[in-house]
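Let's get to know a new structure by working through a few exercises together. Have a look at it first, then follow the solutions step by step.

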Amino acid sequence: MGLPIAVECEGVIKEFGSGSTKQRVLHGIDWQVPLGATTFLVGPSGCGKTTLISIISGLLSATAGRVWVLGKETTKMRKGALVRFRADHLGFIFQQFNLLPSLTAVENAAVPLVVQGSTLASAKRQASGLLDRLGLEKNKWKYPNQLSGGQQQRVAIARALVHNPRIVISDEPTASLDAETGHEAMQLMREVASGPDRAVIVVTHDTRIFEFADYLATMFDGRIESFRQNTPSESSH
Amino acid sequence: MFSIALKMLFHDRAKYLGLILGVAFSTLLINQQLGIFIGLITRAGAVIVDVPEADIWVMDPGVKNLDTIFPLRDTEIGRVRGVPGVAWAVPLYKSNVTIRTGNGELEASLLIGVDDSTLIGLPPEVVMGNIDDLRRPDAVAVSADGFRKVWRNQPFSLGNIAELNDRRAVVVAILKDSPKFTSSITFFTRYSQALQYTNNGRNQMSFIIGRSAPELSPEDVARRIVERTGLQAMSSRDFRWKAIMYVVQNTGIPISIGTVVALGILVGIAVVGLMFNLFVLENLKQFAVLKAIGTSNIQLLGMVFLQACVVGFVGFSLGLFGATMFFETAGKSPTFQGFFLPWYVAVGSGAVAACIIVLAALFAMRRVLFADPAIVFRG
Ligand SMILES: Nc1ncnc2c1ncn2[C@@H]1O[C@H](COP(=O)(O)OP(=O)(O)O)[C@@H](O)[C@H]1O
Ligand SMILES: [Mg+2]
């Protein structure tokens, strides 16, 4: 391919349900997400953004079409290999944070390393440094319910990055945060997550954070309508 | 992953406690009830157990247990001794007598009469005294429990006088015997003396007990005795089993205890199964998140299995400890004397606890397996 591409979709179709309740949500997505950039996927609610990134992440299977992630065709992978691939190369940040309530901040951030096979103790040592960088040195030993939303999202960011994944996928990361905290979270994300070898995909309709996008993909009714580089004039609106 | 699984489990204290108590309760109930059951029914064969030297028991063909006996003619002893393979055979007398205790109350008591010359038929463990003194006139030995009941609050001592069916008896020895079904008081004396206490001398052999020649099995020798004498003869093993089965088949004990045990198992399965399912259900989102992050199904199943095993192990240990404590303390009271926790009951209840846990875990595992990781992106 030549171009540094993180994710490529080719004719991705997704249908939910069957028979009379069958609903086509993705109408043949062709899309290339570049490496070394932060790409925003925007569009009205219900247009299929979450469905698309779920398929890219391998959490949902496509009805038709092919997906390559980091040059590997994930739509052809067996389930076990896909799970392993996810553990090694992907990091996730969710709107709901989805931290495990029974684990402390540092333990939560350490989970991906443990999933990869590290012991909890050594994983915690690694996660601890990252939490420091994210400004959580005082809150490492707290449980999620003792943290503010912004702090929880920072723990989630740490968890998404602790194992150095090459692709970070984030669905509405700022939707549960106020403007200032959301801005902060995005700033931190850009600082820690971006690199020439990495790609960050952010699903959002929060226009206040568009300035963090290198590329903007606009989706409408199950199709990618436009995909272009983000110009500074637009993002400063 | 296992440390994370444990943190998940311990985080929800209330549910963790409930799970453990569920398993513990089941285990306790099963062990306590079955321990009592086995303690009770084995009492039916206590008299047999107390004569370990004899491995063959001969009796009237109609005898079904140790309590309903019909006397044998005294010529039968000679015929039994004449059967090839019988190393020796002696008479044993068994009867109920009424005894007046130290404070004048009447108690039912068992009287065992053993062969005058060999004194075979006495339980082997002597607590106090010398069994050779039984050869003296009016001499009896008393069971340790019997002594405590007849001479309440008295330390063990020899020389006490009892009245057996209104006849004088001098205690020359105290023996440790197995607890009986009917009465905890047992007196032992010579065969001829026993007849004096009960029938004014008329000969009444309850049993002939004997031993098979070393090279023969007692079952084979017993079969020969049956063929040659027409009497009923059994190895002590078989007779003990028969006496126990009589109790099992003819009393309400198995049903009442069986009900409680079944209830214990059922409650265990229901409580633990439901709670564990609830636990997994409440943590389903967490399992889904772990799945999304890249945890394999095998790892997740391992986590659930570990959680189930910890609950099972801790609960079972607690229940077993409770049951052991029960038998430790209750075993000292005269009513539950000799009750204990047989190892096979403990092992069996462990198997039941394991089944409960595996069942609960299997149901929960299904949920975890089918947990959709895609929900992590949904609200
Ligand atoms: N599991 C599902 N079953 C059926 N329909 C679904 C499912 N997930 C999403 N949809 C439908 O697919 C469409 C796109 O949903 P989604 O990808 O969540 O949109 P967005 O993230 O852009 O808001 C919606 O109409 C939604 O109702
Ligand atoms: Mg969405």
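**Warm-up: a cysteine in chain A**

A:C9 is buried, with a relative accessible area of 3% (buried means under 20% relative accessible area, exposed over 50%, partly exposed in between, with a 1.4 Å probe and protein chains only). Before going on, keep in mind that this is a predicted model, where local features need pLDDT of at least 70 and side-chain atom pairs count only at pLDDT 80 or more, while totals for chains, interfaces and linings use all residues. Residues are numbered from 1 along each chain as its sequence is written, chains are lettered from A and ligands numbered from 1 in the order in which they are written, and side-chain values use heavy atoms, with hydrogens and water left out.

**Exercise 1. Find out how many disulfides the structure holds, and check two cysteines.**

Step 1. A disulfide is a covalent bond between the sulfur atoms of two cysteines. Here it is called when a pair of cysteine sulfur atoms lies within 2.5 Å.

Step 2. Over all chains, the count is zero. Take A:C9: it is in no disulfide, and the nearest cysteine sulfur, that of A:C47, is 14 Å away.

Step 3. Now try B:C309, which is partly exposed at 31% relative accessible area. Its closest cysteine sulfur belongs to B:C355 and is 13 Å off, so that's too far for a bond.

**Exercise 2. Work out which residues surround ligand 1, and which chains they come from.**

Step 1. Collect the residues with a heavy atom within 4 Å of the ligand. You get A:F16, A:Q23, A:V25, A:P44, A:S45, A:G46, A:C47, A:G48, A:K49, A:T50, A:T51 and B:R378.

Step 2. Look at the chain letters: residues from chains A and B surround ligand 1, so the site is shared between chains.

Step 3. Sort the shell by class: four residues are nonpolar, six polar and two charged. (Ala, Val, Leu, Ile, Met, Phe, Trp, Tyr, Cys and Pro count as nonpolar, Asp, Glu, Lys and Arg as charged, and the others, Gly among them, as polar.)

Step 4. Match the shell to helices and strands (DSSP runs numbered from the N terminus: helices are H or I with at least four residues, strands E with at least two). In chain A, β2 (23-34) and α1 (49-57) each supply at least two residues, and the largest share, three residues, comes from α1(A).

Step 5. Check the distances to oxygen atoms of ligand 1. A polar backbone atom of A:G46 is 2.7 Å from one, a backbone N or O atom of A:G48 is 3.0 Å from one, and a side-chain N or O atom of A:Q23 is 3.4 Å from one. As for cover, ligand 1 exposes 560 Å² when taken alone, and the protein buries 64% of that (areas come from the Shrake-Rupley method with a 1.4 Å probe).

**Exercise 3. Describe the overall build of chain A and of chain B.**

Step 1. Start with chain A, which has seven helices and 10 strands. Its radius of gyration is 18 Å, close to the 18 Å that the globule rule gives for 237 residues, so chain A is as compact as a globular protein of that length. (The radius is taken over C-alpha atoms, and the rule is 2.2 Å times the number of residues to the power 0.38.)

Step 2. Buried residues make up 57% of chain A, and its C-alpha atoms fill a box of roughly 50 × 45 × 40 Å along the principal axes.

Step 3. Turn to chain B, with 12 helices and 10 strands. A compact globule of 379 residues would have a radius of gyration near 21 Å, but chain B has 29 Å. Its box is roughly 95 × 50 × 30 Å along the principal axes, and 51% of its residues are buried.

**Exercise 4. Find where B:L119 and B:N165 lie, and what is notable about their phi.**

Step 1. Most residues other than glycine have a negative phi.

Step 2. B:L119 is not a glycine, yet has a positive phi of about 60 degrees. This residue lies in the loop between β3 (106-114) and β4 (125-129) of chain B, and is buried at 5% relative accessible area.

Step 3. B:N165 also has a positive phi, near 45 degrees. You'll find B:N165 in the loop between β6 (161-164) and β7 (167-176) of chain B, partly exposed at 32%.

Technical notes
A polar contact is a pair of N or O atoms within 3.5 Å; within protein, one must be able to donate a hydrogen and the other to accept it, and residues adjacent in sequence count only if both atoms are side-chain atoms.
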